Amino acid sequence: MTSLACINNRNFRIIATYVDWKLGSHHGLFEGIPFPDKYPSAEDFFLNEDEWTTYENFSRVFRRAKEMVNESDFFFHCVFSSARFQSWGRFRYFMRVFATPNDGYLKVPFF
């Protein structure tokens, strides 16, 4: 049975941006993680927000980032940093469509 690619790679940009901020580089973050042959490197694949990957790959990278940063509240700080660093990728353009968070919530059924 093959794993489904169900996690958007936009999440990796958030993780890599936070690791860069904490350590100055995210070197080694994607090392040894499988990626499609059509990409020259794992970094090229995982930082491409148009691609999707498996939960297993996401979990490995997220846990590796926590180990690299060595921060007890890493998961919270990493996700929270996406607003500070605007590391959402193209999603930031989508955010401008709504005047308030409530506008976004009310339009969820439409999307």
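Leaving aside neighbours within four places in sequence, threonine 53 is in contact (heavy atoms within 4.5 Å) with Leu4, Ala5, Cys6, Ile7, Asn9, Phe12, Phe45, Phe46 and Phe58. The model is predicted, with local features needing pLDDT of at least 70 and side-chain atom pairs pLDDT 80 or more, while totals for chains, interfaces and linings use all residues. Residues are numbered from 1 along each chain as its sequence is written, and side-chain values use heavy atoms, leaving out hydrogens and water.

Threonine 53 belongs to strand S2 (residues 52–54); strands (E, at least two residues) and helices (H or I, at least four) are DSSP runs numbered from the N terminus. With a relative accessible area of 4%, threonine 53 is buried, a term for values under 20%, with exposed over 50% and partly exposed in between (1.4 Å probe, protein chains only). The side chains of threonine 53 and asparagine 57 are joined by a polar contact of 2.9 Å.

Asparagine 57 also leads to the helices, as Asn57 is among the H3 residues in the contact with H1. The axes of H1 and helix H3 (residues 55–69) come within 10 Å and cross at roughly 10°, so the two helices are roughly parallel (angles under 35 degrees). On the H1 side, the contact includes Phe12, Ile15 and Tyr18. By class, this contact has 11 nonpolar, 2 polar and 1 charged residues.

Tryptophan 21 also lies in helix H1 (residues 10–23). This residue is partly exposed, at 43% relative accessible area. The C-alpha atoms of tryptophan 21 and valine 69 are separated by 10.0 Å, with their positions 48 residues apart along the chain.

Definitions and conventions: Axes are lines fitted to C-alpha atoms, for helices over the stretch in contact, and angles run from 0 to 180 degrees between N-to-C directions. Angles under 35 degrees count as roughly parallel, over 145 as roughly antiparallel, 65 to 115 as roughly perpendicular and the rest as oblique. Ala, Val, Leu, Ile, Met, Phe, Trp, Tyr, Cys and Pro count as nonpolar, Asp, Glu, Lys and Arg as charged, and the others, Gly among them, as polar. A polar contact is a pair of N or O atoms within 3.5 Å; within protein, one must be able to donate a hydrogen and the other to accept it, and residues adjacent in sequence count only if both atoms are side-chain atoms.
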